[in-house]
Amino acid sequence: MASEPGTQSRVMFQTKEEEPAQRKLGKLTVKYNRKDLQRRLDIEEWIDGQLHLLYDCEEEEIPELEIDIDELLELTDTEQRSRLHELLQECGKPKEDFINGLLYRMKGLRKMSGSLKK
């Protein structure tokens with residue numbers, strides 16, 4: 001059942017008008033530097049471990065404490081140190097080693113955009 005070259009059937013697909021809008025959304029996706037994200041995660045894990053040592057207790061027993069790296073990055077060195085002392089005021093152990101270690105680890109970090117934090 002051979003057909004003549006000019007009479008072959010063609011299958012044509014119609015595209016919806018919504019597809020270009022979906023493609024535009026893909027272009028808006030922001031790609032974050034994996035190395036920066038990993039470094040930040042490492043710092044947060046270090047903070048968690050150090051807080052266990054400072055408060056000498058289990059995770060459930062640590063006072064509600066939020067050390068916001070992005071907030072600290074907006075401050076000067078002196079303000080960072082002061083803010084950390086304020087956050088750790090309930091801790092009875094010496095805090096200077098923790099504060100110095102955290103400030104050292106934060107050097108070179110950039111503040112992340114709000115879209116990632118959400």
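The legends below accompany an overview and four close-up views of a predicted model.

**Figure 1. Overall fold of the predicted protein model.** The protein contains six helices and zero strands, and its elements, read from the N terminus on, follow the order α-α-α-α-α-α. Of the 118 residues in the protein, 24% are buried, while the area that the protein exposes comes to about 10000 Å², with carbon and sulfur atoms supplying 49% of it. Among the contacts in the protein with a separation of 6 or more, 64% are accounted for by residues 24 or more positions apart.

**Figure 2. A negative surface patch that includes Asp-42.** The patch is formed by Asp-42 together with Glu-44, Glu-45 and Asp-48. Asp-42 belongs to helix H2, which covers residues 34-55. The relative accessible area of Asp-42 is 39%, and this residue is therefore classed as partly exposed, because that class lies between the limits of 20% for buried and 50% for exposed residues.

**Figure 3. Surroundings of Leu-65 in the loop between H2 and helix H3.** Helix H3, at the far end of this loop, spans residues 69-73. When residues up to four places away in sequence are not counted, Leu-65 touches Leu-51, Tyr-55, Leu-87 and Leu-88. For one of these partners, Leu-88, the C-alpha atom is separated from that of Leu-65 by 8.2 Å, although the two residues are 23 residues apart along the chain.

**Figure 4. Lys-95, a buried lysine with no salt bridge.** Lys-95 is placed in the loop that runs between helix H4 (77-87) and helix H5 (96-106). The nearest side chain of opposite charge is that of Glu-96, at 7.8 Å from Lys-95, whereas a salt bridge would require a side-chain nitrogen of Lys or Arg within 4 Å of a carboxyl oxygen. Leaving aside neighbours within four places in sequence, the residues in contact with Lys-95 are Leu-54, His-85 and Leu-88.

**Figure 5. The buried residues of H5 and the glycine that follows this helix.** In H5, the buried residues are Phe-98, Ile-99, Gly-101, Leu-102, Leu-103 and Met-106, and they pack against H2, H3 and H4. As a guide to reading such a view, an α-helix has 3.6 residues a turn, so residues three or four places apart point the same way. Just after H5 comes Gly-108, whose phi is positive, at about 90 degrees.

Definitions and conventions
Residues numbered from 1 in each chain as written. Predicted model: local features only at pLDDT ≥ 70, side-chain atom pairs only at ≥ 80, totals over all residues. Heavy atoms only, no water. Patch = residues over 30% accessible without salt bridge, like charges linked within 9 Å, V, L, I, M, F, W, Y side chains within 5 Å. Areas by Shrake-Rupley, 256 points an atom, 1.4 Å probe, with all protein chains shown as cover. Lys, Arg positive; Asp, Glu negative; His and termini not counted. Charge placed at Lys NZ, Arg CZ, Asp CG, Glu CD. Helix = DSSP H or I, 4+ residues; strand = E, 2+ residues; numbered from the N terminus. Buried < 20%, exposed > 50% of the residue type's maximum accessible area, 1.4 Å probe, protein only. Contact = heavy atoms within 4.5 Å.
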